[in-house]
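I opened a new entry for this chain. I wanted to look up its strands, its surface and its aromatic rings.

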Amino acid sequence: MKVTYYKSALCPRCWFSDRRLQELRAAHPEVEIETVEVLADPRRALRDKVMMLPTIIIGQQRWHYAPPLTELEAALDGV
């Protein structure tokens, strides 16, 4: 199971997503969370059509905010 997380050091909303993904990692250590810093890899963000930060991607689902942990877990179950 994989989560892709697009963030930026300049994004004030990313702090909340960071915390939520830490909760997810603590509850599900088997989940791989790939963090992409868009300032370091803007081409990757464009390729993946990331237009807002933060962006959390699980399968076909995307969030541009820190969703509840239960939503993230439900998305993982659906993958």
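Entry 1, strand pairing. I count two strands as paired if DSSP finds at least two bridges between them. The model is predicted, and I read everything below from it. I looked for the residue opposite Thr4 and found Ile57, which belongs to strand 3. Strand 1 and strand 3 are antiparallel and are joined by three bridges.

I then turned to the other neighbour of strand 1. How many bridges join strand 1 to strand 2? I found six, with strand 1 and strand 2 (residues 32-37) running parallel. For Lys7 I noted Glu37 as the bridge partner in strand 2. I followed the chain from strand 1 to strand 2 and passed through helix 1 (residues 14-27) on the way; this β-α-β crossover is right-handed.

Entry 2, cover. Is strand 1 mostly covered or mostly open? I found strand 1 (residues 2-7) mostly covered, with five of its six residues buried. I also checked Ile56, which I located in strand 3. Ile56 has a relative accessibility of 0%, and because buried means under 20%, Ile56 counts as buried.

I took one distance from Ile56. Between the C-alpha atoms of Ile56 and Leu21 I read 9.2 Å, while the two residues are 35 apart in sequence.

Entry 3, aromatic rings. I searched the whole structure for aromatic pairs and came away with one. The pair is Trp15 with Phe16: the ring centres are 5.0 Å apart and the planes stand at 90°, so I recorded the pair as edge-to-face. The cut-off behind that label is an angle over 60 degrees.

I looked up the accessibility of both partners. Trp15 comes out at 45% relative accessibility and is partly exposed. Phe16, with a relative accessible area of 49%, is also partly exposed. Since exposed requires over 50%, I did not enter Phe16, at 49%, as exposed.

Entry 4, surface. Which residues form a nonpolar patch on the surface? I noted Leu46, Met51 and Met52, which together have about 360 Å² of accessible area. I placed Met51 in the loop that lies between helix 2 (42-47) and strand 3 (55-58). Is Met51 buried or exposed? With a relative accessible area of 65%, I entered Met51 as exposed, because the limit is over 50%.

Entry 5, side by side. I set two residues together before closing the notebook. Ile56 in strand 3 is buried at 0%, whereas Met51 in the loop before that strand is exposed at 65%.

Methods: Residues are numbered from 1 along each chain as its sequence is written. This is a predicted model: local features need pLDDT of at least 70, side-chain atom pairs count only at pLDDT 80 or more; totals for chains, interfaces and linings use all residues. Side-chain values use heavy atoms; hydrogens and water are left out. Patches are made of residues with over 30% relative accessible area and no salt bridge: like charges are joined within 9 Å, nonpolar side chains (Val, Leu, Ile, Met, Phe, Trp, Tyr) within 5 Å. Accessible areas come from the Shrake-Rupley method with a 1.4 Å probe; for residues, only the protein chains shown count as cover. A salt bridge is a side-chain nitrogen of Lys or Arg within 4 Å of a carboxyl oxygen of Asp or Glu. Helices (H or I, at least four residues) and strands (E, at least two) are DSSP runs, numbered from the N terminus. Buried means under 20% relative accessible area, exposed over 50%, partly exposed in between (1.4 Å probe, protein chains only). Rings of Phe, Tyr and Trp (its six-membered ring) pair if their centres lie within 6.5 Å; planes under 30 degrees apart count as stacked, over 60 as edge-to-face and the rest as tilted. A crossover is right-handed if, with the strands pointing away from the viewer, the path from the first strand over the helix to the second runs clockwise.
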